[in-house]
Amino acid sequence: MSLLNRIQKGQSTQSQPSSPGQPQPPARSVSPPAPAESSRLAEMRLRRPTVAASPTRDAYMDLKTRVQNKLLSEMDPSMDVTKTDEIRAAIEELYDSVLAEENIILSRVEKMRLFEQIVAEILGFGPLEPLIADETVTEIMVNGPRNIYIERQGKIERTNAVFESPDHVMRIIDRIVAPLGRRIDEASPYVDARLPDGSRVNAIIPPLSLVGPVITIRKFFKIPLTVERLIELGTITPEGIEFIKACVQARLNILVSGGTGTGKTTFLNILSQFIPDDERILTIENAAELQLRQEHVVTLESRPPNIEGRGEVTIRDLVINALRMRPERIIVGECRGAEAMDMLQAMNTGHEGSMTTLHANSARDALARLETMVLMAGMDLPHRAIREQISSALDLIVQQERMRDGTRKVVAITEVQGMEGDVITMSDIFVFEKTGVENGKIVGRFMPTGLRPKFMEKLEASGIRLPPSVFGVTARR
């Protein structure tokens with residue numbers, strides 16, 4: 001019988017009280033527990049903060065901590081942590097010797113599970129490691145040490161994984177942000193970061209979070225999403241992709257708009273695939289997420305202030321600096337504030353083909369948000385002047401939406417045509433029409449409106465000719 005089964009059986013027999021009339025077994029002389037064992041039992045009792053924490057889990061966590069601490073004390077501190085395979089082999093050798101010295105008997109499944117968890121603690125991100133490795137998981141949400149949720153196929157579900165304590169969560173957060181030169185503490189209780197694979201990470205800790213340290217990880221695909229896969233998922237149609245590809249190659253300025261989690265950054269990655277390889281591209285982000293495949297790419301990342309409150313470099317600072325770096329295209333991961341003004345200026349001063357994203361529920365809302373963000377730059381400009389800048393800079397808005405069934409779709413491709421009076425005029429080129437719901441799935445068609453955009457001359461000047469069928473017009477005989 002393995003150690004864990006003996007622990008569980010022993011605790012179940014101890015929990016059964018004897019009846020008053022039942023004869024008691026003869027007393028046996030029991031030697032007092034060793035100091036180490038008594039302290040371990042006391043620690044196990046203290047580790048039961050809630051009713052949900054089972055004695056078996058406490059015993060297992062105690063065993064894991066004990067073996068892990070002994071491993072760490074015996075490991076060579078001069079080992080190169082970048083050589084993961086060598087360290088893993090060394091840990092496995094030490095692990096087997098520690099189990100033998102402690103006379104710990106585990107079944108093969110328990111032994112492998114314990115080993116993988118210890119390796120994840122030493123080399124990876126602890127309980128999050130299997131969730132990060134699971135390709136079906138798209139988002140990980142840690143609400144304190146005991147509540148970990150994931151998103152799978154657009155639906156949120158709770159997992160059985162837990163952290164040992166709030167301090168355990170903090171150690172994992174520090175392990176994520178430290179390599180990036182960032183910090184999180186009471187003076188700076190939230191931070192944006194990224195995993196080595198580019199996945200976006202946000203962490204916020206007490207006193208701002210009342211449930212303990214909170215981590216939100218938006219995972220990136222191990223293999224970047226392709227156009228074919230996007231069509232297969234029903235996000236967009238081949239005609240829509242053909243139209244957008246022509247717009248990117250003709251150097252039109254494109255804004256990708258949508259709510260949180262609608263796939264704006266993913267779609268921006270798709271758009272970047274259509275940029276020719278011979279162009280110099282500058283990407284500007286808070287946490288580098290874009291995965292451009294071109295060779296001539298310069299990636300810039302903003303920087304928060306240091307512990308003294310100095311050294312901050314904002315997105316706006318980087319956009320201003322990028323104009324001096326001879327970019328042919330500027331891609332801003334997301335416009336949130338005053339940098340919108342400088343982005344519009346860049347689009348209007350010879351940097352055609354630039355792209356960015358922002359949060360908005362519709363194309364019209366996106367223009368209103370842009371106007372508000374320009375005002376955040378502190379320039380006292382009349383509203384009409386700002387709208388003229390926007391209408392002159394932007395050519396196309398791609399609107400995305402996350403449906404109730406969890407799927408992400410492009411719901412509109414809208415041309416920004418110009419000004420009529422004080423209003424920016426727009427025209428939908430493609431729209432998604434919902435037709436119903438089948439088996440819990442949203443059913444509809446992404447179809448052209450039949451209108452040809454006014455910038456067709458730009459496409460033709462670039463040598464790009466789209467067939468009339470793209471716009472839903474049948475060719476005449």
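I started with strands β7 (residues 254-258) and β11 (residues 355-359) in this predicted model. I found them running parallel, joined by 5 bridges. Looking across from Leu255, I met Thr356 in β11.

Next I looked up the sheet around this pair. I read its strand order as β9-β8-β10-β11-β7-β12-β13-β14-β15, an open sheet of 9 strands with mixed pairing. At the edges I have β9 (297-301) and β15 (441-448); each has a single partner strand, so one side of each lacks a neighbour in the sheet. I also noted the turn between neighbouring strands, which is 25° on average with direction ignored.

Then I checked which helices pack on this sheet. I saw α9 (residues 238-249) touching β7, β10 (329-332), β12 (396-402), β13 (408-420), β14 (423-438) and β15. The direction of α9 makes about 155° with that of β14. I found α11 (residues 315-322) packing on the sheet too, with β8 (281-285), β9 and β10 as the strands it touches. For α11 against β8, I noted an angle of about 165° between their directions.

My last stop was β5 (residues 200-204). I found it paired antiparallel with β4 (residues 190-194) over 5 bridges, and likewise antiparallel with β6 (residues 214-218) over 5 bridges. Which residues of β5 lie on its covered face? I noted Val201 and Ala203 there, with Arg200, Asn202 and Ile204 on the uncovered one. In a regular strand, side chains alternate between the two faces of the sheet. I matched Val201 with Ala193 as bridge partners, and Ala203 with Ile215 in β6. In the β4 and β5 hairpin, with 5 residues between the strands, I spotted Gly198 at a positive phi near 100°.

Methods:
Residues are numbered from 1 along each chain as its sequence is written. This is a predicted model: local features need pLDDT of at least 70, side-chain atom pairs count only at pLDDT 80 or more; totals for chains, interfaces and linings use all residues. Side-chain values use heavy atoms; hydrogens and water are left out. Two strands pair if DSSP finds at least two bridges between them. Helices (H or I, at least four residues) and strands (E, at least two) are DSSP runs, numbered from the N terminus. Axes are lines fitted to C-alpha atoms, for helices over the stretch in contact, and angles run from 0 to 180 degrees between N-to-C directions. Contact means heavy atoms within 4.5 Å. Buried means under 20% relative accessible area, exposed over 50%, partly exposed in between (1.4 Å probe, protein chains only).
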